[in-house]
Each structure stands twice: as structure tokens, then as C-alpha cells.
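Me: Let us go through this model by question and answer. Start with the yardstick for exposure, please.

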Amino acid sequence: LENKGIPTDDALDFAVTGCVDMCVPGKTGGESFSAILLCRILDMTLRNGDSKTPVGTIPGTGPKTGDPDSFTSFDELVDACVEQVSFQIDKIAEGTKIRDRLFAEYLPAPYISAFMDGCVASRKDVSQGGAVYDLEGILVMNSIANSVDSLYVIKKLVFEQGLFTIRELVEAVDNNFTGYDDIYRAIHELEGKWGNGNPESDELAREVTARIFQEMKGHRTFKEGFFAPFINSMTSHTYDGRISLATPDGRKAAMPFAASCNPYNVDRHGPTGVLRSVSALDFSEVMGCAVNIRMHPSGIGKTEEARRKWMWLIKSYFELGGAQLQPTVVST
């Protein structure tokens, strides 16, 4: 909150609205949300701005950032992907101004305004920007894990090992990996995907997300509020996954994406690897993040030793920079 220009006293008085979303109660007049779907944007990058859907291709959904097979380095691909993200954020900023202008003209909220700091003094309704603070959240969804793992696959298997081209990878995705057993096997045998505590993929996740967060900072809302990133998919990772193509990380078509800020291809290094990777992200600009972890009851409370390990796991996670944790304690 302080990084968004909110004074310390108000920042310390924060509350959580909805799921994990921070605000200053009594002073935040609006906290609305839009979203970017990362795997869709990466897919558009791999198709030079076109969007492939289950019912066909929509040309020109994003800018022409170049044929990925013409890129001479992995960094060029990341740059192109960030450019596609920036284009979508510009569209969000444009669309939210239209939405908020209509609310200000046709749907004022006088009762809320009467109890919101700033509105009486400014003689403005909350819908017109009368409150002390106002913001637009952009949910980074569907998903950090699948998109980072996809980038990691391309970095290692295309640019470093040269096992296949990006065009061949896109063909495999379009065919849900059917008939592309060698590519699918290489993807699944690749170690070090995000969520296993691998420094290389952790740094890739940190770099890409930090650049995405930075792209939001240059925009202001209709009510002169700021834009801020949030990482919370709610249930969209399931139903968006059901209508989405396969992804280069090996996720098959119609399967859910990773939830919120959860890793996806995790099977080797347990909860310590998961939380080390999640905490590697820079959350200093993020105003709300959901991280779900499921533990068996015996793993956290059956013995004094288990309880102590669970306590230190949580402490270590937050000391490393983790933002939030939602433990579910239940057996299968």
C-alpha cells in the first residue's frame, strides 16, 4: 500500500475486502477488477498476435510481435510476450474508463458516499472519485505457473537443447500432443519447473511477473485512482481451463489451469520447494494474492515434532517474502 503512495498510518489500518484484496476501510471508494489470462497471451505471442480458440483462430487479437521461430534468443520471446501483456493492459485501462464514466453518470451511490471519507469534503459521489483512494485491480490469472513453466520449457528444450522448434511445439499444442509423443515426453521429463525450488525457474517467474506488474503502473483510472496487480483466480482457472487449448508446459486441453498463485508441475520437492518458489516472486507491488496448500492432518499436528516443523515452515515462508497462505488440512 505504501508503494502505491498511501501514508503509513492508513496502510497499517488496512482491511481485506472479498478474498485477499487489500484496501483502506472508510477511505477506499472503489476497488474494481479486470483480468489478464496469461496462458492466452503467451499463446498469442507464439502465433504472432493471433488468438487460437477451440472454434477457430481470431486474427489480430494482439500486436504483431514477430514470428517466434525468427527469434534468435529466448529474451526476444519474453520481450514479445510482455509487449502482448502491455497491449491487453492498455485495453483494460481504456475499457475501465468507459465503465466508470457510465457508473458516474447513471449509477451514483449517495448512501455509500455519505459514509466514505473524502466525499463530503470534495462534494463528489464515490462513483465520481470523491473518496480518498480509488483503484483498479488487474487479476493475473490462468496462470503464472502454467505460463512460467511453458516459458521454461521453451527456454530449455527449444533455445538451449534444440530438440524441436516453436512451430513444432505449437503444432503439438494444437493437436493436444496426440502424435507428438517425443515432444510430450521431453516436456514431462524436464526437471526444475516452477514450484520445485529451482533457482533458474524461480528467477524466470520473478522476472516475468515483475515486468508484468510494472506495465500496470503507467495507467490511471477514470477517478484518478491507480492500477494494482492481484493474483487470485477464484474458480476461473477451472472453467477457463475447460475451454482452453493445451499449453506448452504439457497441460492437456480442457484441463484446469493452476489456481491463483499455486505452482502446477510439482511432484519432487514437497511443500518446501513449493513455498520457496512462491516466495521468490516480488510481492511488493501486489495488493492481494492467494496461495493454497493442502496438508494431511498427520503432517502438521500428529506429533510435537510435526507441529514444530509446520510452524517453522510458515515462518520461513513469510521471512522469504511470501504474501499469503491458505492451508487446507484434510486427507484425500
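Reply: A residue is buried under 20% relative accessible area, exposed over 50% and partly exposed in between (1.4 Å probe, protein chains only). The model is predicted, so local features need pLDDT of at least 70 and side-chain atom pairs pLDDT 80 or more, while totals for chains, interfaces and linings use all residues. Residues are numbered from 1 along each chain as its sequence is written, and side-chain values use heavy atoms, without hydrogens and water.

Me: Is Arg123 buried or exposed?
Reply: Place it first: Arg123 sits in the loop between helix H5 (119–122) and S6. Helices (H or I, at least four residues) and strands (E, at least two) are DSSP runs, numbered from the N terminus. The relative accessibility of Arg123 is 77%, so Arg123 counts as exposed.

Me: What is the phi of Arg123?
Reply: Arg123 is a residue other than glycine, yet its phi is positive. The value for Arg123 is near 55°.

Me: Which residue in the loop between S6 and H6 has a positive phi of about 50°?
Reply: The loop between S6 and H6 holds Ser143 and also Asn142. The residue with the positive phi of about 50° is not a glycine; it is Asn142.

Me: Is Asn142 buried or exposed?
Reply: Look at its relative accessible area, which is 2%. That value is why Asn142 is buried.

Me: What is the omega of the peptide bond from Asn142 to Ser143?
Reply: Both partners, Asn142 and Ser143, belong to the loop between S6 and H6. The peptide bond that joins Asn142 to Ser143 is cis. Its omega is near -15°.

Me: In what order do the three strands of the open sheet run?
Reply: Strands of a sheet pair through backbone hydrogen bonds, either parallel or antiparallel. In this open sheet of three strands the pairing is parallel. The order is S3-S6-S7.

Me: Which strands are the edge strands of that sheet?
Reply: An edge strand here pairs on one side only. Pairing takes at least two DSSP bridges between two strands. Two strands fit that picture: strand S3 (28–37) and strand S7 (226–230).

Me: By how much are neighbouring strands of this sheet turned against each other on average?
Reply: Axes are lines fitted to C-alpha atoms, for helices over the stretch in contact, and angles run from 0 to 180 degrees between N-to-C directions. For neighbouring strands of this sheet, direction is ignored. The average turn is 30°.

Me: How many bridges join S3 to strand S6?
Reply: S6 spans residues 133–141 and runs parallel to S3. One facing pair is Ser32 opposite Glu136 in S6. The number of bridges that join S3 to S6 is nine.

Me: At what angle does helix H2 run to S3?
Reply: Helix H2 covers residues 38–46. H2 lies across two strands, S3 and S6. Its angle to S3 is about 45°.

Me: Which strands does H3 touch?
Reply: H3 packs on the sheet as well. Its direction makes about 140° with that of S3. The strands touched by H3 are S3, S6 and S7.

Me: Is Ser51 buried or exposed?
Reply: Ser51 belongs to strand S4 (residues 51–53). Ser51 has 13% relative accessibility, and therefore counts as buried.

Me: Which residues does Ser51 touch, not counting residues up to four places away in sequence?
Reply: Contact means heavy atoms within 4.5 Å. With residues up to four places away set aside, Ser51 touches Met44, Gly56, Thr57, Ile58 and Thr61.

Me: Is Ala290 buried or exposed?
Reply: Ala290 is a loop residue, between helix H11 (270–279) and strand S8 (292–295). The relative accessibility of Ala290 is 3%, so it counts as buried.

Me: How far apart in space are Ala290 and Ala259, C-alpha to C-alpha?
Reply: In sequence, Ala290 and Ala259 are 31 residues apart. In space, C-alpha to C-alpha, their separation is 8.5 Å.

Me: Which residues is Ala290 in contact with, leaving aside neighbours within four places in sequence?
Reply: Ala290 is buried, at 3% relative accessibility. Setting aside neighbours within four places in sequence, the partners of Ala290 are Val20, Ile231, Asn232, Ser260, Cys261, Asn262, Gln324 and Gln326.
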